[in-house]
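Please take a moment to look over the sequence and the model before reading on. The paragraphs that follow move from a pocket to the strands and then to the enclosed spaces.

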Amino acid sequence: MLEYREEHIESKERKLRDFIPVVITFFVGLVVLSIYQNAMLYAIGVLDSVFNSSFLLYLLHHLGYASVISLFLAFIFNLLENKKPGLGLRVVQIMLIILLLLEAVLITYYVQNFEPLGSDFLGLFKNKEIRFSLLQASVATSITLTVCFICYKYIASFYTVISRMYPLTIVFFSIFLATLYSDKKPINENKTQYLAHHVTKRLLQSYSYEGTEEYPLVRPFQKETGLAGYFKPMDTLPHIKIIILDGLGNEFVDGRFTDFMPNLQELKRKSLSWKNFLSNTGESHAAFPTIIGSLPFGESGFTTLPDFTYRNTLYSILRENGYKTSFNHGGNTALFNIDRFLEEEKVDQIFDRNNFGREFSLQEEDAAGITLGYPDGALFSNFHKNAKPSVGPKLDVFLTLSTKAPYHIPEIDTYTHKVANIVETSGMKASEQRFVRRNEELFASFVYADEALAQFMTREQLSPDFSTMIYVITGSHQLSELSQDNALSKYRVPLLIFSPLLKSATEITNVASHADIAPSLLGLLSEKQNSKVPDQVGFLGGDLIRKSGTKDPKEVPLMRSAYRIQDFILDDLFYSDGEIYKLDKDLNLRELEDDEETRVSLLEERFQNFKTVNSYVTENNRIIPKSVSLIEDRKPKFTKEELIWIESVFNGKDFDNAYGHAKQLAFDKDYGRALLLSEYILSEIPRHADTEILMGRVRAWQGDYERSIQILYNVIRKYPKYEDGYCALMDAYFWSGKNENMYEIQRLARKNGIEDKILNEKFERSLALIRQGQVMDEKSAIEQETVEIGTQRK
């Protein structure tokens with residue numbers, strides 16, 4: 001940082017007076033180029049206007065870009081000026097002109113190809129579809145530099161900005177940091193910054209897939225599993241229920257805190273249980289697709305992948321075998337794109353936060369006024385109340401949330417009192433007792449979850465299908481609030497498989513993980529019932545119960561948290577943050593022996609290979625070939641021009657705001673744009689109920705009543721507890737003259753406990769028209785009969 005002495009202030013200010021106008025002029029040039037971009041897009045009909053909400057965000061991002069460039073150039077300016085007066089200013093001017101030229105070229109490329117130039121710029125000359133006009137870029141550059149030249153004279157003439165270099169750098173840096181937290185889309189992002197980001201990301205990528213196999217995860221499906229030996233013969237395909245308890249670590253089932261979940265302990269004594277079982281991830285949302293599909297992680301969990309990826313999971317494979325499927329969660333399935341995953345899997349019933357009746361209460365809000373959703377007791381009760389009877393087998397998956405921070409369970413005082421009683425009567429150490437008392441709400445949530453699960457299992461025993469049930473119960477990950485013995489403790493979770501079909505309860509000692517659940521269940525059904533499974537699969541895991549003499553080493557990849565795959569197990573070796581340990585039979589960490597160098601090299605090679613494969617298959621849609629996948633890409637496709645328009649009216653991740661804009665477009669009778677924006681919202685948030693209803697209403701306003709009724713009927717099927725869907729469908733029936741359908745909708749509303757004043761008024765409206773029609777029909781019948789009698793007399 002430059003130091004100032006009193007005798008130098010005047011000369012230094014003169015230099016600063018020359019630097020700052022150049023920087024301001026550079027920003028003016030970026031503003032001119034922003035206008036150029038939007039004007040060109042408006043001229044060809046992509047944008048509705050030149051100046052819109054996206055334009056203001058564009059200027060903000062230009063300001064952040066100009067700030068970081070100025071911060072960097074300020075030091076170059078001072079360094080060169082100290083060596084030779086005037087040199088720093090000339091260098092800075094030349095560099096800023098070059099940056100303006102580059103930005104003009106990149107914007108021209110963008111408006112002609114409708115996408116920004118990224119790290120693939122080296123392949124431009126090989127792509128014959130690329131369009132670029134050097135003349136247009138030259139004109140844009142000439143206009144920009146002319147405006148900058150004129151503005152520079154005026155800016156330089158009234159220097160009143162900043163008088164010290166120190167506060168100048170602080171201002172620049174603060175502006176840059178502020179823009180980092182604003183959402184960027186290609187239309188409002190500085191194109192030079194976009195290019196630099198993507199090139200840097202590619203250059204810094206420390207590993208890339210160099211294998212010869214296009215689908216490195218694909219291998220033949222193993223139709224036999226060690227799990228089958230623990231089950232009795234099956235006369236029919238069993239019902240399967242998978243229960244994922246959020247944050248349930250091994251400490252509550254086979255560790256220090258078993259007293260807080262006595263019902264789960266009792267269930268364990270009747271089940272197959274795994275002593276050394278691991279979650280492959282440290283996040284709930286990432287654990288779900290690993291359990292259901294033995295899928296790779298990507299950067300931060302499979303469901304967060306931006307693009308559709310072909311794969312096969314328990315959902316898709318069992319659906320092909322006649323299973324009905326469901327997903328049950330008391331929270332918002334839009335988080336981490338779980339809803340999109342479920343829609344792609346064609347799950348038959350999705351009971352999420354939108355599908356709970358008024359008889360259930362949401363969890364208490366946290367300090368920010370946000371509630372996670374419905375507690376576990378409500379989750380299980382809602383399932384039993386609304387699950388439809390099925391002739392064939394069913395796969396039901398539950399993801400709980402009561403054991404998730406901030407642990408706002410019902411009747412919290414009752415359960416904290418139970419925690420206190422457990423502490424007093426158990427044989428816990430004094431240090432453990434202090435820990436529990438400091439975290440009593442956390443432990444109260446597990447006592448509550450244990451009771452809710454016990455009530456669920458009691459209710460399940462009353463089912464006529466109980467004798468053919470298989471229950472898979474596991475935790476998503478170990479809570480970080482609990483003290484951990486070592487780096488592996490975070491991943492240690494329980495796995496229980498309970499079923500009347502089991503021969504006996506057994507504890508399994510071999511190491512297994514979430515990724516082994518789906519392959520093993522499919523192997524069990526294939527061996528016991530000859531169920532259909534694709535010959536080729538792309539699973540991460542293998543068998544839950546490894547047969548003795550198996551030659552292939554056991555690999556367990558572990559993703560600690562988002563963007564951090566730093567842990568890996570190969571047989572009895574554990575790699576963690578560059579350190580390698582040996583695992584004993586209880587998964588305790590031991591020091592390596594001297595003769596392990598060969599196996600250590602294999603471990604490091606396998607770990608590196610997994611990271612490259614994980615990145616390759618998820619980024620390039622190479623888990624399995626399209627021909628093998630049982631699901632298809634049904635996500636709507638948008639043209640580049642449509643995406644630019646969408647980005648111009650919707651910036652950020654607040655899809656409720658985007659819905660509001662779509663609704664306003666519909667009110668303004670711009671139905672085409674309203675439908676386009678609605679389709680985009682649903683492509684990202686497939687279960688945004690209000691947007692689906694809006695699309696149904698817009699279709700009706702367009703006069704396409706058949707399509708409108710189809711959309712809205714599907715809405716009440718998906719969200720049977722949501723009154724607005726019924727109201728919109730009644731309007732569509734009214735406008736199309738199909739009021740007689742009112743009786744069916746009224747029956748469905750009553751069945752689902754819908755009591756809404758506005759809906760009742762719509763029923764009365766349709767009923768009045770039906771009665772009026774009946775009167776008219778009777779009058780017409782009398783008149784017709786009179787005519788016929790008169791004719792006979794003649």
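**A walk through the predicted model**

The lining of the second largest pocket draws at least two residues from each of β5, α11 (338-344), β6 (349-351), α12 (376-386), α20 (671-684), α21 (689-701), α22 (705-718) and α24 (742-751). Among these contributors, α22 gives the most, with eight residues. The pocket, like everything described here, belongs to a predicted model, and its volume is about 1500 Å³. Of the 44 residues that line the second largest pocket, Glu 343, Glu 692, Asn 714, Arg 717 and Lys 718 are the closest to its centre. Sorted by class, the lining of this pocket holds 21 charged, 14 nonpolar and nine polar residues.

For the setting of this pocket, consider the protein as a whole, which has 25 helices and 17 strands. Of its 794 residues, 53% count as buried. Among the contacts in the protein with a separation of 6 or more, 76% are accounted for by residues 24 or more positions apart.

Strand β5, which supplies residues to the pocket lining, also leads to a covered part of the protein. Strand β5 (residues 324-329) runs parallel to β7 and is joined to β7 by six bridges, and in this pairing Leu 399 of β7 is the bridge partner of His 329. Strand β2 (residues 239-245) likewise runs parallel to β7, here with five bridges, and Ile 240 has Leu 395 of β7 as its bridge partner. How many of the residues of β7 are buried? Strand β7 (residues 394-399) is mostly covered, with six of its six residues buried. In a regular strand, side chains alternate between the two faces of the sheet. In β7 both faces are covered, since Lys 394, Asp 396 and Phe 398 on one side are buried, as are Leu 395, Val 397 and Leu 399 on the other.

Further along the chain there is an open sheet of five strands, which follow one another in the order β13-β14-β15-β16-β17 with antiparallel pairing. Its edge strands, each pairing on one side only, are β13 (555-558) and β17 (589-590). Within this sheet, β14 and β15 pair in the antiparallel sense over four bridges, with Leu 570 standing opposite Leu 573 in β15. These two strands form a hairpin with two residues between them, and Asp 571 in the turn has a positive phi of about 55°.

The next pairing continues from β15: strand β15 (residues 573-576) and strand β16 (residues 579-583) are antiparallel and pair over four bridges. Leu 573 stands opposite Lys 582 in β16, while Phe 574 has Tyr 581 as its bridge partner in β16. β15 and β16 also form a hairpin with two residues between them, and in this turn Asp 577 has a positive phi of about 55°. Are the residues on the two sides of β15 buried or exposed? Leu 573 and Tyr 575 point one way from β15, Phe 574 and Ser 576 point the other way, and all are buried. Helix α17 (residues 597-619) lies across β13, β14 (567-570), β15 and β16, and runs at about 125° to β14.

The last features to consider are the enclosed spaces, of which there are three cavities of 30 Å³ or more. The largest cavity has a volume of about 80 Å³, and its lining is made up of Phe 302, Thr 303, Leu 305, Asp 307, Phe 308, Thr 309, Arg 311, Asn 337, Arg 340, Phe 341 and Glu 344. By class, these lining residues divide into four nonpolar, three polar and four charged.

The second largest cavity contains about 50 Å³ of space. Its lining consists of Asn 250, Val 253, Asp 254, Lys 268, Ser 273, Trp 274, Lys 275, Pro 494, Leu 495, Leu 496 and Glu 507. The elements that give two or more residues to this lining are α7 (251-254), β3 (272-274) and β9 (495-498). The lining of the second largest cavity divides into five nonpolar, two polar and four charged residues.

Methods. Residues numbered from 1 in each chain as written. Predicted model: local features only at pLDDT ≥ 70, side-chain atom pairs only at ≥ 80, totals over all residues. Heavy atoms only, no water. Pairing = 2+ DSSP bridges. Contact = heavy atoms within 4.5 Å. Axes fitted to C-alpha atoms, helices over the stretch in contact; angles between N-to-C directions. 1 Å grid on protein atoms, 1.4 Å probe; cavity = no way out; pocket = protein on both sides within 12 Å on 5 of 7 lines; lining within 4 Å. Points joined across faces, edges and corners; volume = space filled by probe spheres on them. Nonpolar A, V, L, I, M, F, W, Y, C, P; charged D, E, K, R; others polar. Buried < 20%, exposed > 50% of the residue type's maximum accessible area, 1.4 Å probe, protein only.
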